[in-house]
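Dear colleague,

I am handing over the structure below, together with some notes on what was found in it. Please read the notes with the model open beside them.

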Amino acid sequence: MIDWRDGRRGGFRRSPAVAHLGRVALIASGWMAVSPAVPLLGQGAGGECYACHATLAEPSLVEPATEWEADAHRAAGLACSGCHGGDARAADESTAHAGMLSRPARERIPALCGRCHSNQEFMRLYDPDIRVDQVEVYFTSRHGQLLRRGDGRVATCVDCHSAHRIQSPDEPDSPTYPANIPDRCGSCHADPDHMAPYDIDTDQVDEFKSSVHWTALEDGGDLSAPVCNDCHGNHGAVPPGYTSVGRVCGECHFQIGEYFAASPHDSVFVGLERPGCATCHGNHAIELADDQLLGLGDRSTCAASGCHSESDEGGRVAGRMLTLVDSLLREHHRSDSILLAAEHAGMPVGVPRFELAGVQNAIVGARAILHTANLDSLQAKIDEGLEAATAGYQAGEGAFAELGVRRLGLAVSAVVILALMLGLLVKIRELEDR
């Protein structure tokens with residue numbers, strides 16, 4: 001039975017068999033010509049190439065066949081001859097190797113992959129949604145530009161995707177699986193010898209692995225956490241310029257990006273040629289942001305960046321902002337503590353505790369609004385949170401007041417019950433005496 005749907009991506013895909021039948025029909029009708037851009041199906045997903053190479057004694061000749069077993073192209077029913085030429089159906093070595101390209105030159109690899117991946121009609125047979133501009137975009141990247149200038153050291157398709165074990169990015173073993181990308185990029189960018197001609201630091205991977213983004217990915221299992229290609233791009237990889245860093249970060253941190261773009265810092269940073277978010281938060285070794293980055297303390301980025309001090313208005317505003325945020329945090333803690341104590345005392349405070357979540361929302365909102373560098377906007381959000389915190393604290397006080405009434409009522413009830421019991425005892429004694 002044919003499975004028409006790819007369960008991992010949830011998108012419509014033709015099965016390899018259906019794709020091949022469609023291609024055969026197109027060839028038979030004369031609409032599509034057989035060319036090197038249309039790899040023919042081989043016998044046994046690789047044909048005689050795979051059958052022969054899997055049994056050879058030379059490891060370098062066996063390895064491609066071994067890796068090919070897990071390759072996405074093999075799963076789609078494509079043959080080795082699609083990239084290497086020759087005849088994948090021929091059992092005779094001389095016939096099979098006729099016109100074969102054993103190892104493509106590095107400068108030819110993008111064009112070789114692009115024969116299929118830039119062909120919309122052909123790729124539609126396998127994945128109608130796949131982009132067909134990867135090669136074009138690649139040559140806009142620093143890698144592609146240097147390759148065109150004859151630099152054979154830069155990354156090409158096979159350096160990122162591998163040559164014979166190309167897999168979906170959804171596969172944990174794939175080099176393009178999110179958790180594997182830093183090490184894949186680092187295979188070049190963390191190698192001092194390889195990067196020596198480019199005058200590029202090689203500590204980016206180590207720095208990234210100390211960041212909050214890596215912690216979210218590696219420890220938290222969050223595959224949406226950004227890795228190298230999320231910020232730099234994949235096929236069109238370029239370093240973000242100082243004018244674009246905020247936009248890159250804003251792809252994930254959208255609201256904060258909008259606030260920062262409306263702030264005076266945006267244009268000032270551009271004028272100073274400072275990279276937006278990275279000026280305060282860093283780029284690869286981004287730490288978990290806390291409130292002490294604000295103000296003028298030892299950990300303040302406002303002061304450490306050399307931008308502000310106690311003697312300028314910006315420094316005073318930064319200090320006031322930190323004071324406001326701290327005040328809301330204290331009030332939230334005070335309200336939460338009294339409600340928690342009331343709950344432990346057995347009082348029903350579920351509703352006010354639920355409503356206290358509004359204070360936490362105000363704290364999150366205030367920390368985002370900080371990026372506007374607008375004291376009035378921050379004050380409005382802080383006031384909103386303080387109002388909710390005050391209501392929560394008053395609810396806690398009311399709960400304890402009610403608890404006091406209940407305890408007093410319980411004590412009075414106990415005294416009344418005790419008096420009744422004593423009266424009853426006296427009455428019993430009187431009856432016995434009679």
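A residue is called buried here under 20% relative accessible area, exposed over 50%, and partly exposed in between, with a 1.4 Å probe and protein chains only. Please keep in mind that this is a predicted model, in which local features need pLDDT of at least 70 and side-chain atom pairs count only at pLDDT 80 or more, while totals for chains, interfaces and linings use all residues. Residues are numbered from 1 along each chain as its sequence is written, and side-chain values use heavy atoms, with hydrogens and water left out.

As for the whole protein, there are 25 helices and 0 strands, where helices (H or I, at least four residues) and strands (E, at least two) are DSSP runs numbered from the N terminus. Of its 434 residues, 31% count as buried. If one takes the contacts (heavy atoms within 4.5 Å) between residues at least 6 apart in sequence, 57% of them join residues at least 24 apart.

Two loop residues have a positive phi although neither is a glycine. Asp199, with a phi of about 55 degrees, sits in the loop between helix H13 (192–195) and helix H14 (204–208), and it counts as exposed because its relative accessibility is 74%. Ala373, with a phi near 55 degrees, belongs to the loop between helix H24 (357–369) and helix H25 (375–433), and its relative accessibility of 28% makes it partly exposed.

The two helices on either side of that last loop, H24 and H25, pack at an angle of about 170 degrees with their axes 9 Å apart; axes are lines fitted to C-alpha atoms, for helices over the stretch in contact, and angles run from 0 to 180 degrees between N-to-C directions. Angles over 145 degrees count as roughly antiparallel, so H24 and H25 are roughly antiparallel to each other. Among the residues that make the contact are Val359, Ala362 and Ile369 of H24, and Leu378, Ile382 and Ala389 of H25.

Finally, Asp71 lies in the loop between helix H3 (59–68) and helix H4 (72–75). Asp71 is buried yet has no salt bridge, which would be a side-chain nitrogen of Lys or Arg within 4 Å of a carboxyl oxygen of Asp or Glu. The nearest side chain of opposite charge is that of Arg165, 8.2 Å away, whereas the backbone nitrogen of Arg165 is reached by the Asp71 side chain at 3.3 Å. Leaving aside residues up to four places away in sequence, Asp71 touches Ala163, His164, Arg165 and Ile166.

With best wishes

Terms used:
Lys, Arg positive; Asp, Glu negative; His and termini not counted. Polar contact = N/O pair within 3.5 Å; in protein donor to acceptor, adjacent residues only side chain to side chain. Parallel < 35°, antiparallel > 145°, perpendicular 65-115°, else oblique.
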